[in-house]
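Visitor: I have a structure open and would like to go through it with you. Can we start with the cysteines?

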Amino acid sequence: MLFRQLFDAASSTYTYLLADPASGEAVIIDPVSEQLERDIGLITELGLTLRYAIDTHVHADHVTAAGLLRTRLGCITAISAQAGVDCANLPLREGDIIRFGAHSLRVLETPGHTNTCLSLVGPDRVFSGDALLIRGCGRSDFQSGDAERLYHSITRKLFSLPDETLVYPSHDYRGMTLSTIGEEKRHNPRLRLGHEGFVHFMKTLDLPYPQRMQEAVPANEHCGRNPGG
Ligand code: FE
């Protein structure tokens with residue numbers, strides 16, 4: 001499988017491009033609007049056909065490029081069926097399979113950072129969105145977040161994947177790029193607190209809201225900028 005991990009420095013967001021080399025069919029996960037030309041350039045250079053642009057959740061810290069990619073490349077946009085993003089072509093639910101050439105991703109509902117977060121599971125890796133980050137996790141204090149649900153999404157769903165599963169999160173703020181399920185079980189300081197400790201920690205984080213939240217959330221509920229495209 002062709003695989004690229006792309007980074008938006010302004011929002012510390014990882015975007016992932018996956019493709020089947022034989023057919024050229026590709027999927028992009030969590031594309032960022034400011035990186036539209038970079039991503040289209042790469043997809044074009046590599047001779048790929050973008051089938052799907054998937055958002056793991058309604059982001060609060062950046063605007064998705066999903067709608068713009070649909071306009072420019074004719075791909076299908078996908079997000080949780082429960083996210084209220086009516087413009088998305090493909091509403092995703094637990095167990096759904098996204099196929100691109102000989103490869104596929106399985107949808108795992110992992111709410112808690114938001115109430116409609118998804119993770120995407122491949123044969124050897126998981127794209128964990130903002131549910132599980134490297135040695136951390138997404139905050140749970142807005143967008144219908146819930147620390148209890150986040151704890152269960154991580155410990156009952158993501159931690160039930162094989163220990164060697166590669167973990168590719170939506171963000172990293174310290175320069176880390178990759179972890180594994182086993183590594184996070186052993187070393188994630190928040191999860192090591194246990195259920196009650198985790199919930200208490202998350203409820204007392206007291207973080208400022210993301211700078212672009214007022215712009216990003218309404219835009220992302222309409223597939224990003226230029227939603228009519
Ligand atoms: Fe998020």
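Visitor: Which cysteine does Cys-87 join in a disulfide?
Guide: Cys-87 is joined to Cys-223, with 2.2 Å from S to S. A disulfide here is a pair of cysteine sulfur atoms within 2.5 Å. This is a predicted model, where local features need pLDDT of at least 70 and side-chain atom pairs count only at pLDDT 80 or more, while totals for chains, interfaces and linings use all residues. Residues are numbered from 1 along each chain as its sequence is written, and side-chain values use heavy atoms, leaving out hydrogens and water.

Visitor: How many residues apart are Cys-87 and Cys-223, and where do they sit?
Guide: They are 136 residues apart, so the pair links distant parts of the chain. Cys-87 is in the loop between strand S5 (76-80) and strand S6 (90-92), and Cys-223 is in the segment after helix H6 (213-220). Helices (H or I, at least four residues) and strands (E, at least two) are DSSP runs, numbered from the N terminus.

Visitor: Which hand does the link of Cys-87 and Cys-223 have?
Guide: The link is right-handed, with 115 degrees about the S-S bond.

Visitor: Is Cys-223 buried or exposed?
Guide: Cys-223 is buried, at 4% relative accessibility. Cys-87 is partly exposed, with a relative accessible area of 23%. Buried means under 20% relative accessible area, exposed means over 50%, and partly exposed is in between (1.4 Å probe, protein chains only).

Visitor: And why is there no bond from Cys-75 to the closest cysteine sulfur?
Guide: Because that sulfur, in Cys-223, is 9.9 Å from the sulfur of Cys-75, too far for a bond. Cys-75 is buried, with 3% relative accessibility.

Visitor: What about Cys-137, how far is its sulfur from the closest cysteine sulfur?
Guide: The distance is 11 Å, to the sulfur in Cys-117, which is too far for a bond. Cys-137 counts as buried too, at 5%.

Visitor: Different topic. How many helices and strands are in the chain?
Guide: The chain has six helices and 14 strands. Its radius of gyration is 16 Å, close to the 17 Å from the globule rule for 229 residues, so the chain is as compact as a globular protein of that length. The radius is taken over C-alpha atoms, and the rule is 2.2 Å times the number of residues to the power 0.38.

Visitor: What does the C-alpha trace span along its principal axes?
Guide: About 50 × 40 × 30 Å.

Visitor: How much of the chain is buried?
Guide: Buried residues are 55% of the 229.
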